[in-house]
Amino acid sequence: MVSFEVDGGIEKVHHVLRFRQVVCPCGILGGVESLIEHPASMSHASMDPALRESAGITDRVIRLSVGIEDERDIIEDLAQALDFH
């Protein structure tokens with residue numbers, strides 16, 4: 001499992017979540033498939049925004065749980081999803 005902040009605004013986060021093809025969006029991470037989630041709008045949505053921010057869970061954070069897919073497929077999928085102009 002890794003967490004990372006996306007450079008740019010919330011629009012880029014939504015772009016990444018929308019345009020991935022291999023990695024599945026999911027509110028609860030775990031399983032054999034690669035999963036992606038946006039904690040601020042999914043798993044931690046009910047948390048006070050100021051507390052979320054102080055815990056390091058900004059609106060730009062994405063969490064990725066890597067599954068059994070070929071690593072090249074995951075890398076290519078995320079690379080194309082992150083390619084936002």
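In what order do the 4 strands of the open sheet sit? The legends below start there, and keep in mind that this is a predicted model.

**Figure 1. Meet the open sheet and its strand order.** The order is β1-β4-β3-β2, and the pairing is mixed. Out at the edges you'll find β1 (2-5) and β2 (24-25), each of which pairs on one side only. As a general point, the strands of a sheet pair through backbone hydrogen bonds, either parallel or antiparallel. Here β1 and β4 run antiparallel, joined by 4 bridges. Another 3 bridges hook β3 up to β4, and that pair runs antiparallel too. Then there's β2 with β3: these two run parallel and are joined by 2 bridges.

**Figure 2. Zooming in on bridge partners.** Pick V2 and look across to β4: its bridge partner there is L64. Now try L35, whose bridge partner in β4 is S65. For P25, the partner to look for is I36 in β3.

**Figure 3. Strand β4 and its residue S65.** Of the 5 residues of β4, 4 are buried, so this strand is largely enclosed by the rest of the structure. S65 has its place in this strand. Is S65 buried or exposed? With a relative accessible area of 11%, S65 counts as buried, because the cut-off for buried is under 20%. Setting aside residues up to four places away in sequence, S65 touches M1, L29, G30, E33, S34 and L35.

**Figure 4. E33, a loop residue with partners from elsewhere in the sequence.** You'll find E33 in the loop between β2 and β3. E33 is partly exposed, with a relative accessible area of 33%. Ignore its neighbours within four places in sequence, and E33 is in contact with S65, G67 and E69. Check out I68 as well: E33 and I68 are 35 residues apart in sequence, yet their C-alpha atoms are 5.9 Å apart in space.

**Figure 5. Helix α1 and what covers it.** This helix spans residues 10-19, and its buried residues are K12, V13, H15, V16 and L17. What lies over them? The cover includes β3 (35-37), β4 (61-65) and α3 (71-82). Take V13 as a sample: leaving out neighbours within four places in sequence, V13 is in contact with V6, H38, D59, R60 and I62.

**Figure 6. Helix α3 has a buried side and an exposed face.** From first C-alpha to last, the 12 residues of α3 reach 16 Å, close to the 16 Å expected at 1.5 Å a residue. Right at the start of α3, a side-chain oxygen of D70 comes to within 2.8 Å of the backbone nitrogen of R72. Which residues of α3 are buried? They are I74, D77, L78 and A81. These residues cover an arc of only 90° around the axis, which puts them on the same side of α3. That buried set packs against α1, β3 and β4. On the face turned away from the buried side, look for the exposed residues R72, I75 and E76.

**Figure 7. The largest nonpolar core.** This core has 11 residues: V6, V13, V16, L17, V23, I36, I62, L64, I74, L78 and A81. Which elements give two or more residues to the core? That would be α1, β4 and α3. You've already met some of the members: V13 is one of the buried residues of α1, and L78 is one of the buried residues of α3.

Key:
Residues numbered from 1 in each chain as written. Predicted model: local features only at pLDDT ≥ 70, side-chain atom pairs only at ≥ 80, totals over all residues. Heavy atoms only, no water. Buried < 20%, exposed > 50% of the residue type's maximum accessible area, 1.4 Å probe, protein only. Contact = heavy atoms within 4.5 Å. Pairing = 2+ DSSP bridges. Expected span 1.5 Å × (residues − 1). Arc of directions from axis to C-beta. Polar contact = N/O pair within 3.5 Å; in protein donor to acceptor, adjacent residues only side chain to side chain. Core = buried A, V, L, I, M, F, W, Y, C linked by side-chain atoms within 4.5 Å.
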